[in-house]
Every structure is written in structure tokens, then in C-alpha cells.
Amino acid sequence: MAKLRGEVAAVEARVLARFLPAWHGIGAGHGGERRLDEALAQLEGLPLPFSDLERRILPARVRDFDPRMLDERGALGKLVWVGCGALGERDGRVALYRRERAGLLVEVPELPAELGALHRAMLDHLERRGASFFAEVLAIAGPVTERQVFDALWDLVWAGLVTNDTFNPLRALAARAEKRRPGKHAPSPAAGRWSLVAQLAPAPADATRRAHARAIVLLDRWGVVARDALATESIAGGFAAVYPVLRAMEEAGKIRRGHFVDGLGGAQFAFAGAVDQLRAAREHGDGAIGSHAPEVVLLAAADPANAYGAVLPWPSPRHPDVGQPRRSAGASVVLVDGELALHLDRSGRQLLSF
């Protein structure tokens, strides 16, 4: 193990930033159902703005992506989603899971202390009756308005306690304020059947199997896993929870450990294939000036293929007094050979150069 750890010289941080888009298949031009399944596996369990996920993150990976592809997987019971916090009134972060993996990966939060009587009545109903339409939830709500029930339901969604068997309510939130042609039907953010997230995995796996599943997801997503990689993750216990499993996997010869990337602190773990691709990314970037066309990549700022603001710190913009970059919904970044060149905010009004 000591010999293997010393075999790979650490690469510069920008090499990791060049490696990640290729690791995620950005711009590779692949499409089809199989490619979508591969992309969903890499994104599994990561909280992402739903607007970016459907409009930018998945289309960047799957050439022929269409939202109906998510609907089909949801209708077949293959794919589920869990809310991870609202982003205003029209968007929020969601994490996607393959249903057969939900018992290994889904973290059901504790009930927030501030939940009111209406919230608790709705949770009690869903626990007793299982998946229910909004009209059924409304019927047990008591002397309150439909709007109050709707708002309480989405409080529970963004708290990670309630989910839906379709993706249409998430889309409908964004569509509520859009102007529509007369006669065109507007989707409802209350459509579909609502159910408890806890019921996705009625018999959770033991702690060791759960930690192993999370470690595999992190290795698939980031290529190189270190403490810094968990900045955008929502894993209970953080890096300390998966470190013993990563160490055991190295001892079993399944992954490598070493100082792969300069600037990432502490222990770093990777599959052997990821180490080879990281080395190839370094060699590609070490060519003479003019020996290759610049590799330009446009990404959603929140995309895990964008290392900056997640695995790597943001560099300082040329005019820091104008603003600072953020991994916010709707924001974009442009990378040139792994270097951050531009950051455009969600409004499209503020462009930072680096």
C-alpha cells in the first residue's frame, strides 16, 4: 500500500477541475436510457436545484434528455426524489435516488420542533393511510384554507419528510408565475400522490452497509474523495462517517489512497481508473502552448462537475468589490482548460471574470 500511495505525483487543483467534467461525461455526446441511468447514479443523493437539474445538469450529460424520461422512471417505481430545502417560492433543492437504493442512502430527518398541529396531522394521516392525493389530505386538515394546507404540505416536502410519486409538482412550482396562453392548462403543484419519505425504506439497512453505499456514491461522483468533497453533500456525520469504510476498501485493494490533488487536505481516496484519468488530464494540460485547442466548458454553477466552490475554493475575481461567485441556482461558470474564466449570476446581469 505504501508503494501504491507513492506512485502518483499530486496534480494541480486546475487539473482536478479539468478532470471532473470528463468524469461526468460532459460534452461527450452520449444519449439514451442507459446514459441517463449512468448520470443518475453519479448524481444520486446530491441536493441540487431542481430547475438546474432538469434544464441544465442532466441535458449536459445526456444528449437527448427529455423530462419525460424522469417521469417514466418515477411511474415505474424506479426513481424517487426527496426535498432538501426551498429556494424561494418556485424552486428548491432535491436529491434523486434509485428506489432499490433508498434504504441505503436516504436520510430521514428528525421532525422539526417548529412543526404546527396542521403539519403533524398531515404526517399522521400519511403514516396511517400511505400515499394520498391532495384532496384526501385536505379532507383531514380541519377548519383551515386550502392555501394553508398547500403551504404546510410544501413545508414538509422541503424539510425532507414528504415526497410525491411524480415530478410534475416540482415543475408546476416554477410554472405558477409564468404567463400562459388562454385555454392552456396550468400544471398543479399539488398533483400526484403524496407519501412519507420514511416509507421509501421501511426497513433501513445496517450502519455498515449504509456507510459502504455512501462511500461508493462519493467515489463515483467526485472521482477523488477527500474531506473537501463533502462540502455540498448532505451525509450525516460527514467525512468521518465514511472514512473507516474508505480505509477498509483500500486495505482490501479495491481503491487507492494517496496525495492525488494539491490543495485537498487530509486523506484522499479514488478508484484506480479515476487516478489514471486524473493523470491523463494532467498530461493533456502539460502540452506546449498552442499544442491543443483550449478546452472550454459551460456548466451550471451548482453542477458537481464544477469543482469550484465545492471541492476547490473559488479563486478571487478580478474585481472582488463587484461581487463574489456562488453555486446558486441559475448561475453559470465557464472553465478554460480547468481554470475558472467566468461566473454569470442567475439574473444574467453580473459577469465576474477571473
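At what angle do α2 and α11 pack, and how far apart are their axes? The points below take up this question and then the other parts of the structure, which is a predicted model.

1. Packing of α2 against α11. The two helices α2 and α11 meet at an angle of about 105 degrees, and their axes are 8 Å apart. Angles of 65 to 115 degrees count as roughly perpendicular, so α2 is roughly perpendicular to α11. On the α2 side the contact is made by Phe 19, Leu 20 and Trp 23. On the α11 side Leu 219, Asp 220, Arg 221 and Trp 222 take part.

2. The largest nonpolar core. This core has 48 residues, and the members that touch the most others are Leu 16, Phe 19, Leu 246, Leu 264 and Leu 278. At least two of its residues come from each of α2 (13–23), α11 (207–222), β7 (224–225), α12, β9, α13 (272–285), β10 (296–300) and β11 (332–336). Helix α2 gives the largest share, 6 residues. Phe 19 therefore appears in two roles, as a core residue and as part of the contact between α2 and α11.

3. Leu 246 and the second core. Beyond the residues up to four places away in sequence, Leu 246 touches Ala 215, Leu 219, Val 225, Phe 239, Ile 255 and Phe 269. One of these, Leu 219, also belongs to the contact of α11 with α2. A second core, separate from the one above, has 43 residues, including Leu 53, Leu 115, Leu 118 and Ala 152.

4. Aromatic pairs. The structure contains 7 aromatic pairs. In one of them, the ring centres of Tyr 243 and Phe 269 are 5.9 Å apart and the ring planes stand at 65 degrees, so the pair is edge-to-face. Tyr 243 belongs to helix α12 (residues 238–251) and Phe 269 to strand β9 (residues 269–270), so this pair ties together parts that are 26 residues apart in sequence. Phe 269 has a relative accessibility of 0% and counts as buried. Phe 269 is also among the residues that Leu 246 touches.

5. The cluster around Trp 154. Ring pairs join Phe 150, Trp 154, Trp 158 and Trp 194 into a cluster. Trp 154 is located in helix α9 (residues 146–158). Its relative accessibility is 5%, and because buried means under 20%, Trp 154 counts as buried. Apart from neighbours within four places in sequence, Trp 154 is in contact with Pro 169, Leu 170, Leu 173, Pro 189 and Trp 194. Trp 194 is thus both a contact of Trp 154 and a member of the ring cluster. The C-alpha atoms of Trp 154 and Glu 89 are 9.8 Å apart, although 65 residues separate the two along the chain.

6. Helix α3 and the loop after it. In α3 (residues 33–43) the buried residues are Arg 35, Leu 36, Ala 39, Leu 40, Ala 41, Gln 42 and Leu 43. Gly 45, just after α3, has a positive phi of about 85 degrees. The loop between α3 and β1 (48–49) contains Pro 47, which is buried with a relative accessible area of 14%. Not counting residues up to four places away in sequence, Pro 47 touches Cys 84, Arg 93, Val 94, Ala 95, Thr 232 and Ser 234. Pro 47 and Gly 92 lie 45 residues apart in sequence, with a C-alpha to C-alpha distance of 9.1 Å.

7. The hairpin of β2 and β3. Strand β2 (residues 79–86) is mostly covered, with 6 of its 8 residues buried. The strand is joined by 6 bridges to β3 (residues 92–98), and the two run antiparallel. Gly 83 is placed opposite Val 94 in β3; Val 94 is also among the residues touched by Pro 47. Between the strands of this hairpin are 5 residues, and Gly 88 in the turn has a positive phi of about 80 degrees.

8. The sheet of four strands. An open, antiparallel sheet is formed by 4 strands in the order β10-β11-β12-β13. Its edges are β10 and β13 (351–353), each of which pairs on one side only. On average, and with direction ignored, neighbouring strands are turned by 20 degrees against each other. Within the sheet, β11 and β12 (residues 339–344) pair antiparallel over 5 bridges. Leu 335 has Leu 340 in β12 as its bridge partner.

Methods: Residues are numbered from 1 along each chain as its sequence is written. This is a predicted model: local features need pLDDT of at least 70, side-chain atom pairs count only at pLDDT 80 or more; totals for chains, interfaces and linings use all residues. Side-chain values use heavy atoms; hydrogens and water are left out. Rings of Phe, Tyr and Trp (its six-membered ring) pair if their centres lie within 6.5 Å; planes under 30 degrees apart count as stacked, over 60 as edge-to-face and the rest as tilted. Buried means under 20% relative accessible area, exposed over 50%, partly exposed in between (1.4 Å probe, protein chains only). Contact means heavy atoms within 4.5 Å. Two strands pair if DSSP finds at least two bridges between them. A nonpolar core is a set of buried Ala, Val, Leu, Ile, Met, Phe, Trp, Tyr and Cys residues joined through side-chain atoms within 4.5 Å. Axes are lines fitted to C-alpha atoms, for helices over the stretch in contact, and angles run from 0 to 180 degrees between N-to-C directions. Angles under 35 degrees count as roughly parallel, over 145 as roughly antiparallel, 65 to 115 as roughly perpendicular and the rest as oblique.
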